[in-house]
Amino acid sequence: MNDMAYNPYKMAQRQFDDAAELLDLDQATRDFLRVPMREYQFTIPVRMDDGSIKIFRGFRVQHNDARGPSKGGIRFHPQETIDTVRALSMWMTWKCAVVDIPLGGGKGGVCCDPHDLSLLEQERLCRGWVRALAKNIGPLTDVPAPDVMTNSQHMLWMLDEYEAIRGAKYPGFITGKPVGMGGSLGRVEATGYGVMITVREAMKELGIDLQNTTASFQGFGNVSQYAIELYQQMGGNPVCVSCWNQGEQKSYSFVKKDGFELKTLLSITDQFGEIDKNRVQELGFEVLEGSAWLEQEVDLLVPAALENQITGENVRSISKRVKIIAEGANGPTTPEADVVLKERGVLVIPDFLANAGGVTCSYFEQVQSNQNYYWAKEETLGKLDLKMTNAYLAVSEFGNKNKLYLRDAAYMISVDRVANACRARGWV
Ligand code: NAD
């Protein structure tokens with residue numbers, strides 16, 4: 001995060017307040033929805049490999065479960081804070097509502113850097129997180145999933161701990177599990193593919209031929225890698241990716257104007273989505289500052305790393321050529337930057353719509369796990385395409401009809417659905 005004063009929770013609340021205003025929501029519903037229903041903050045003691053004990057800080061926030069069990073990832077990050085988790089849990093509520101799946105919003109995290117932990121230490125940390133929360137989460141109440149720096153192995157350790165505590169098998173307790181161990185085919189692709197499905201629909205609407213476009217991506221992790229895969233399959237030309245360099249504690253952008261082979265780039269990338277800076281130069285990429293991804297002369301920008309990346313300070317460095325920004329990450333654009341992008345007429349596909357493919361496929365995984373019956377990959381990805389396309393078209397139709405910025409249109413649809421569920425239950 002590049003601004004210590006930035007608070008994602010305040011930003012999420014500000015976005016919600018704007019939507020509440022547009023919807024003319026009553027005061028009780030506003031007061032209820034602008035804060036989480038439940039929050040858990042706890043310590044996790046972990047025995048380290050050298051025999052010492054280290055205390056980690058863990059979080060789980062359940063923003064709203066009016067439409068179904070809370071759903072949301074667990075992030076391992078050294079700068080994790082309760083406010084980040086609150087914001088992300090709120091965005092999960094709107095995300096599940098915008099794609100119309102019967103789930104609420106939750107999010108979890110641990111303040112840690114897995115780069116500094118052995119696999120055994122990571123396993124103990126995962127099991128500790130579940131032990132702290134086993135009474136408060138579960139397949140019928142709150143279903144976790146992976147997020148930044150957590151993966152299918154972490155999910156399996158967590159499932160194993162939960163099942164050991166409960167004394168039975170609960171494959172629907174968590175999603176993002178390895179395929180063959182309760183995971184869904186298509187889950188690794190789902191978020192990145194989902195981003196590109198919304199881009200495909202947006203380009204159709206704007207009359208842009210995707211095959212003649214270029215794109216720049218921030219981040220080269222799960223979301224970005226699969227977004228690039230589908231973008232290339234559809235004929236698009238990615239020319240820039242950026243990532244974090246752990247050794248130097250700064251980010252870099254790598255540019256290759258005539259495009260690149262995704263497989264080759266993947267072969268020099270580690271499990272955290274860090275591209276080897278020396279080897280990428282040998283492949284003919286130009287190595288630029290971390291911020292350069294935003295300044296590229298491209299048609300499409302895909303922020304797919306962290307929140308607070310397109311801000312009031314840097315939004316004007318975006319090229320006039322950029323027509324679409326598809327938010328793969330959660331909360332990459334601040335409200336100040338939104339004002340400028342709105343004026344410029346850039347089509348911003350908001351995070352909770354653009355990256356909803358992940359939770360949609362997680363929902364499919366949960367359905368399959370609960371039934372103990374697993375679908376073919378084509379079936380899952382076909383269902384994903386249908387959900388994402390319908391969600392994008394519903395939001396854009398509502399936005400066009402009411403002359404709304406796409407983020408406002410998506411917020412109005414989602415908040416209205418959640419508010420209606422709360423009212424129908426007699427909560428507000
Ligand atoms: P990941 O950990 O797999 O990859 C993150 C990538 O971002 C890495 O390449 C890393 O090097 C890069 N990065 C980190 N800090 C950076 C910086 N300052 N500048 C440039 N690059 C930086 O994470 P992911 O799963 O791909 O998630 C990325 C974003 O998408 C997050 O905001 C996450 O919340 C969101 N998201 C993920 C999913 C999912 O299913 N994975 C679903 C919805 C939303």
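**Exercise 1. The shell around the ligand**

Task: Find which helices and strands each supply at least two residues of the shell around the ligand, and state which gives the largest share.

Solution. Step 1: α6 (187–206), α7 (222–233) and β7 (237–245) each supply at least two residues of this shell. Helices (H or I, at least four residues) and strands (E, at least two) are DSSP runs, numbered from the N terminus. The model is a predicted one: local features need pLDDT of at least 70, side-chain atom pairs count only at pLDDT 80 or more, and totals for chains, interfaces and linings use all residues. Residues are numbered from 1 along each chain as its sequence is written, and side-chain values use heavy atoms, with hydrogens and water left out.

Step 2: The largest share, three residues, comes from β7.

Step 3: In total, 26 residues surround the ligand. A residue is near a molecule if one of its heavy atoms lies within 4 Å of it. R75, T191, F220, G273 and N330 are the closest.

Step 4: Sort the shell by type. It divides into 11 nonpolar, 11 polar and four charged residues. Here Ala, Val, Leu, Ile, Met, Phe, Trp, Tyr, Cys and Pro count as nonpolar, Asp, Glu, Lys and Arg as charged, and the others, Gly among them, as polar.

**Exercise 2. Polar contacts to the ligand**

Task: State how far T191, D147 and W244 lie from an oxygen atom of the ligand, and how much of the ligand is buried by the protein.

Solution. Step 1: Recall the cut-off. A polar contact is a pair of N or O atoms within 3.5 Å.

Step 2: Take the side chains. A polar side-chain atom of T191 lies 2.7 Å from a ligand oxygen atom. For D147, the distance from a polar side-chain atom to a ligand oxygen atom is 3.1 Å.

Step 3: Take the backbone. A backbone N or O atom of W244 lies 2.9 Å from an oxygen atom of the ligand.

Step 4: Turn to area. The ligand taken alone exposes 830 Å², and the protein buries 89% of that. Accessible areas come from the Shrake-Rupley method with a 1.4 Å probe.

**Exercise 3. Two helices**

Task: Give the span of α4 and of α13, then say what their buried residues pack against.

Solution. Step 1: Start with α4, residues 119–133. Its 15 residues reach 22 Å from first C-alpha to last, close to the 21 Å expected at 1.5 Å a residue. The expected span is 1.5 Å times one less than the number of residues.

Step 2: List its buried residues. They include L125, C126, W129 and L133. Buried means under 20% relative accessible area, exposed over 50%, partly exposed in between (1.4 Å probe, protein chains only). An α-helix has 3.6 residues a turn, so residues three or four places apart point the same way.

Step 3: Find the partners. The buried residues of α4 pack against β1 (38–47), β2 (53–64), β3 (70–77), β4 (104–111), β5 (142–146) and α5 (152–166).

Step 4: Move to α13. It has 25 residues and reaches 36 Å, close to the expected 36 Å. Among its buried residues are L381, L384, M388 and Y392. Partners of the buried set include α3 (82–98), α6, α12 and α14 (406–424). Just after α13, K403 takes a positive phi of about 55 degrees.

**Exercise 4. Three buried residues**

Task: Place Q15, L265 and W375, and name what each touches.

Solution. Step 1: Q15 is in helix α1 (residues 8–23). It counts as buried because its relative accessibility is 6%. Leaving aside neighbours within four places in sequence, it contacts W91, T333, R407 and Y411. Contact means heavy atoms within 4.5 Å.

Step 2: L265 is in helix α8 (residues 262–267). Its relative accessible area is 1%, so it is buried. Its contacts include F220, V241 and F260.

Step 3: W375 is in the loop between α12 (357–371) and α13 (377–401). It is buried at 12% relative accessibility. It touches, among others, L185, F364 and K383. The C-alpha atoms of W375 and F364, 11 residues apart along the chain, are separated by 9.2 Å.

**Exercise 5. Positive phi**

Task: Decide whether N308 and N372 are buried or exposed.

Solution. Step 1: N308 is not a glycine, yet its phi is positive, about 60 degrees. Its place is the loop between β10 (300–303) and β11 (324–326). At 2% relative accessibility, N308 is buried.

Step 2: N372 also has a positive phi, near 55 degrees. It lies in the loop between α12 and α13. At 59% relative accessibility, N372 is exposed.

How values were computed: A polar contact is a pair of N or O atoms within 3.5 Å; within protein, one must be able to donate a hydrogen and the other to accept it, and residues adjacent in sequence count only if both atoms are side-chain atoms.
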